[in-house]
Amino acid sequence: MAGLKFENIYKIYDNKFTAVKDFNLEIKDEEFVVFVGPSGCGKSTTLRMVAGLEEISKGKLYIGDKLVNDVEPKDRDIAMVFQNYALYPQMTVRENMSYALRIAKVPKPEIDKKVMAAAEVLGLVQYLERKPAALSGGQRQRVALGRAIVRDPKVFLMDEPLSNLDAKLRVQTRAEITKLHEQLDTTFIYVTHDQTEAMTMADRIVIMQDGEIKQVDSPINVYTKPENLFVATFIGSPQMNLINGKVIKEEDNYYLVNEFTKIHISKKKGYELESKGYIKKDLVLGIRPEHIYSSYRKTDSEITGLVDFIELLGAQQYAYLNVGGQEINAVLSMDENIAKHSEITLYMDEEKMHFFDKDSQKNILL
């Protein structure tokens, strides 16, 4: 088994487009790391450089203690699971799973043992003699996983492996892959654009934008301590509310003010902002919709607006308020009786407020 080390990795194409910029990261042995970000952020390109399917333009990549920049893909001891499964349609499940071992001339008894062990882990024993066309999407994905498992690689690479599955299967297969990681004790690198997959599966999340790392941290920390505006708005659903304004101090109280509203800020956060020189400076207040409450949990930070739209989601409802022309989204209980076009007052959790520098977009209070 092995960890990985990326040192100042770049991917620059012939047309001078830089897909990955100064990528630095250490992944521990047996860690489950998820690369997440919007389309075109460089996450799949980075994964393909690990696999050897893309040449590294600059920098060094180590798998274990071995520099692998010039090592052929077949000699890197990695296994990759693709979005489209990449199964051989003319082969049975058993033949697909054993293909790499047969090419490597592994003895047949050992091949049979490894294939059966993987099939038992993945619930594929009864499908071993079927061909891919006779399987569901979820079963095909498990065959692709099985084909990787039998090779007993140092590192598993997964590129959007669940994107072709329906919602129910995605949830089920997410759980299967997480259990698989626990059973195999192998390093996993998983690429997705789906933040739910990242948050529920990862030991650490690598959030990327425009080829650069924006934050590397545990799922709970990227949610509660986003380092910048991009991470704050990318992680979390519904998206974090952002309110532009200036912080002012009136006697012992602090407020964020703009032309439409005046929002109370806790003394603790207000004092920190003052100590950092942000009084009367433009900044951005961020508050997640789930940290805005109705009258059952009043705070000093209240906002009043007209309900533009309501989304009903069973246990919860999303209320979209127009507060002086600014849309504010709140996640409320279904027990709250609110009506479209009515005026309501909601309350912000002062301890859950984030403040971002208007220019650098960094989280000021981290």
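A nonpolar core is a set of buried Ala, Val, Leu, Ile, Met, Phe, Trp, Tyr and Cys residues joined through side-chain atoms within 4.5 Å. Buried means under 20% relative accessible area with a 1.4 Å probe, protein chains only.

The model is predicted: local features need pLDDT of at least 70, side-chain atom pairs count only at pLDDT 80 or more, and totals for chains, interfaces and linings use all residues. Numbering starts from 1 along each chain as its sequence is written, and side-chain values use heavy atoms, without hydrogens and water.

**Exercise 1.** Find the residues with the most contacts inside the largest nonpolar core.

*Solution.*
- Step 1. Take the core: 44 residues.
- Step 2. Pick out Met97, Met158, Ile177, Tyr190 and Ile207, which have the most contacts inside it.
- Step 3. Set apart a second, separate core of 29 residues, including Met49 and Val71.

**Exercise 2.** Decide whether helix H1 (residues 43-51) is largely enclosed or not.

*Solution.*
- Step 1. Define the element: helices are DSSP runs (H or I, at least four residues), and strands likewise (E, at least two), numbered from the N terminus.
- Step 2. List the buried residues: Lys43, Thr45, Thr46, Leu47, Met49, Val50 and Ala51.
- Step 3. Seven of the nine residues are buried, so H1 is largely enclosed by the rest of the structure.
- Step 4. Look just after H1: glycine 52 takes a positive phi of about 90°.

**Exercise 3.** Name the element that gives the most to the lining of the largest pocket.

*Solution.*
- Step 1. Strand S6 (78-81), helix H2 (93-103) and helix H4 (137-149) each supply at least two lining residues.
- Step 2. H2 gives the most, with four residues.

Technical notes:
Buried < 20%, exposed > 50% of the residue type's maximum accessible area, 1.4 Å probe, protein only.
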